[in-house]
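Trainee: I have a new model open and would like a quick tour. Can we start with the core and go from there?

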Amino acid sequence: MIELFFPKKYSALCLKSAFFGFFAHAGFVRGLQEIGFKPAIVTGSSSGAMIGAIYASGADMADFESLLLGLKKNDFWEGNSFTQLGRLIKKGINGYSGVLTGKATRNLLYPYLGNKKFSDLPLQLGIAVSNLTKNRRELITEGNVLDAVMASIAFPFLYEVQKVKEDEFLDGGIGDGEPIKELILDSSIDRIVIHQINNNRPLSNNIIKRAFDASVQIIETETEDLKTLLAKEKGKKLIRLETQTPYLSPKDFSKGKFALAEGRGTAYKNQEEILGTMDFPGFAIF
């Protein structure tokens with residue numbers, strides 16, 4: 001009966017895009033589980049989409065951490081310089097869009113996500129992608145989970161443009177590194193925990209890559225400000241938490257264990273705020 005007057009509100013979790021940020025995100029999610037945080041829905045972009053999907057699937061995060069800590073370049077890298085050249089020649093300049101097809105990465109994730117659909121998951125999930133065919137950002141909430149994850153992690157120049165049905169996709173972080181718009185507009189959600197990662201990625205020597213990275217950052221900062229204003233208008237609490245990690249690259253995951261530990265520590269350090277008691281909605285006495 002009390003819910004007629006005070007509708008139940010829920011918490012949500014957003015895992016932001018970050019270059020090879022899956023170590024820190026995995027540690028953060030593991031920490032959330034240990035402190036007892038249970039969101040009603042999780043959204044993610046790029047590496048955040050990967051970890052968000054693993055978490056939402058109900059997989060054992062400790063088991064997935066073991067996979068990450070044992071990860072080597074050969075586990076997801078496809079071929080060598082000669083095979084890469086062969087792909088380039090076969091596809092031609094106009095058809096070649098990335099170093100990796102994504103097949104090896106898909107094989108790594110398959111034991112955890114398999115052929116699962118969003119409707120099969122015990123936790124609601126939303127995955128941000130950049131739809132190149134329709135020229136828009138999308139939050140995928142139905143269909144094949146692994147397809148959506150591969151579309152969201154397709155970092156430009158590293159992964160090929162991913163095709164799902166008739167549409168082409170690239171990294172979700174291009175269009176929306178912090179997919180919380182739908183969460184803010186959802187009347188049942190009143191607080192959103194957002195995990196972002198500063199991976200201390202060095203500036204590229206290539207001016208095109210520097211320009212691309214800077215452009216993405218500028219767009220992200222502007223949209224983040226707008227989301228903050230929208231959240232305030234809708235009466236939603238945003239809890240933005242940042243984890244500082246060592247730089248990780250495809251060539252060196254040796255510091256992944258430190259990134260994972262830092263992510264887990266972020267959850268513990270902010271336990272009180274994450275688990276804070278929700279305020280009752282205000283009401284008037286007539």
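Mentor: Yes. One term before we start: a nonpolar core is a set of buried Ala, Val, Leu, Ile, Met, Phe, Trp, Tyr and Cys residues joined through side-chain atoms within 4.5 Å. Keep in mind that this is a predicted model.

Trainee: Fine. Which residues of the largest nonpolar core touch the most other members?

Mentor: Leu13, Phe22, Phe28, Leu125, Ile127 and Val149 do. That core has 58 residues.

Trainee: What does Phe22 touch, leaving out residues up to four places away in sequence?

Mentor: Phe22 touches Ser47, Met50, Ile51, Leu68, Leu71 and Phe253. Another core, of 11 residues, lies apart from the largest one. Its members include Ala12, Ile41, Ala231 and Leu238.

Trainee: Zoom out for a second. How many helices and strands does the protein chain have?

Mentor: The protein chain has 13 helices and 10 strands. It holds 286 residues, and 47% of them count as buried. Take the contacts between residues at least 6 apart in sequence: 77% of these join residues at least 24 apart.

Trainee: Let's do a helix. Which residues of α4 are buried?

Mentor: Helix α4 covers residues 61–69, and its buried residues are Met61, Phe64, Glu65 and Leu68. They sit on the same side of α4, because they cover an arc of only 105° around the axis.

Trainee: What do those buried residues pack against?

Mentor: Four helices: α2 (22–35), α3 (47–56), α7 (103–113) and α12 (256–269).

Trainee: And what caps the N-terminal end of α4?

Mentor: Asp60 does. One of its side-chain oxygens lies 2.9 Å from the backbone nitrogen of Ala62.

Trainee: On to the strands. Why is β9 described as largely enclosed?

Mentor: Strand β9 runs over residues 189–198, and nine of its 10 residues are buried, so the rest of the structure largely encloses it.

Trainee: Which way does β1 pair with β9, parallel or antiparallel?

Mentor: Parallel, over six bridges; β1 is residues 10–15. Ala12 stands opposite Ile192 in β9. Ala12 also belongs to the 11-residue core.

Trainee: How many bridges join β9 and β10?

Mentor: Eight, also in the parallel sense. Strand β10 is residues 237–244. Val193 has Ile239 in β10 as its bridge partner. Helix α11 (residues 207–233) joins the picture too: β9, α11 and β10 make a right-handed β-α-β unit.

Trainee: What sits in the loop between α11 and β10?

Mentor: Lys234 lies there. With a relative accessible area of 42%, Lys234 counts as partly exposed, because buried would need under 20% and exposed over 50%.

Trainee: Which residues does Lys234 contact, neighbours within four places aside?

Mentor: Ile184 and Leu185. Lys234 and Ile184 are 50 residues apart in sequence, and their C-alpha atoms are 7.1 Å apart.

Trainee: Any hairpin to look at? How do β4 and β5 run, parallel or antiparallel?

Mentor: Antiparallel, joined by five bridges. Strand β4 is residues 124–131 and strand β5 is residues 136–140. The two form a hairpin with four residues between them. Val129 is the bridge partner of Glu138 in β5. Look at Asn135 in the turn as well: its phi is positive, about 55°.

Trainee: Now Gln162. Is that residue buried or exposed?

Mentor: Gln162 is buried, at 11% relative accessibility. You'll find it in strand β7 (residues 162–164).

Trainee: A buried glutamine, then. Which backbone oxygen does its side chain reach at 3.1 Å?

Mentor: The side chain of Gln162 reaches that of Thr101. A polar atom of the Gln162 side chain also lies 3.0 Å from the backbone oxygen of Glu160. Setting aside neighbours within four places in sequence, the contacts of Gln162 include Met150, Ala151, Ala154 and Phe169.

Trainee: Last one: where is Ile153?

Mentor: Ile153 is in the loop between α8 (145–152) and β6 (157–159). It is buried, with a relative accessible area of 8%. Not counting residues up to four places away, Ile153 touches Ser46, Ser47, Met50, Thr105, Tyr159 and Asp171. Ser47 and Met50 are also among the residues that Phe22 touches.

Trainee: And how far is Ile153 from Ser17, C-alpha to C-alpha?

Mentor: The separation is 8.7 Å, with the two residues 136 apart along the chain.

Terms used. Residues are numbered from 1 along each chain as its sequence is written. This is a predicted model: local features need pLDDT of at least 70, side-chain atom pairs count only at pLDDT 80 or more; totals for chains, interfaces and linings use all residues. Side-chain values use heavy atoms; hydrogens and water are left out. Buried means under 20% relative accessible area, exposed over 50%, partly exposed in between (1.4 Å probe, protein chains only). The arc is that of the directions from the helix axis to the C-beta atoms. Contact means heavy atoms within 4.5 Å. A polar contact is a pair of N or O atoms within 3.5 Å; within protein, one must be able to donate a hydrogen and the other to accept it, and residues adjacent in sequence count only if both atoms are side-chain atoms. Two strands pair if DSSP finds at least two bridges between them. A crossover is right-handed if, with the strands pointing away from the viewer, the path from the first strand over the helix to the second runs clockwise.
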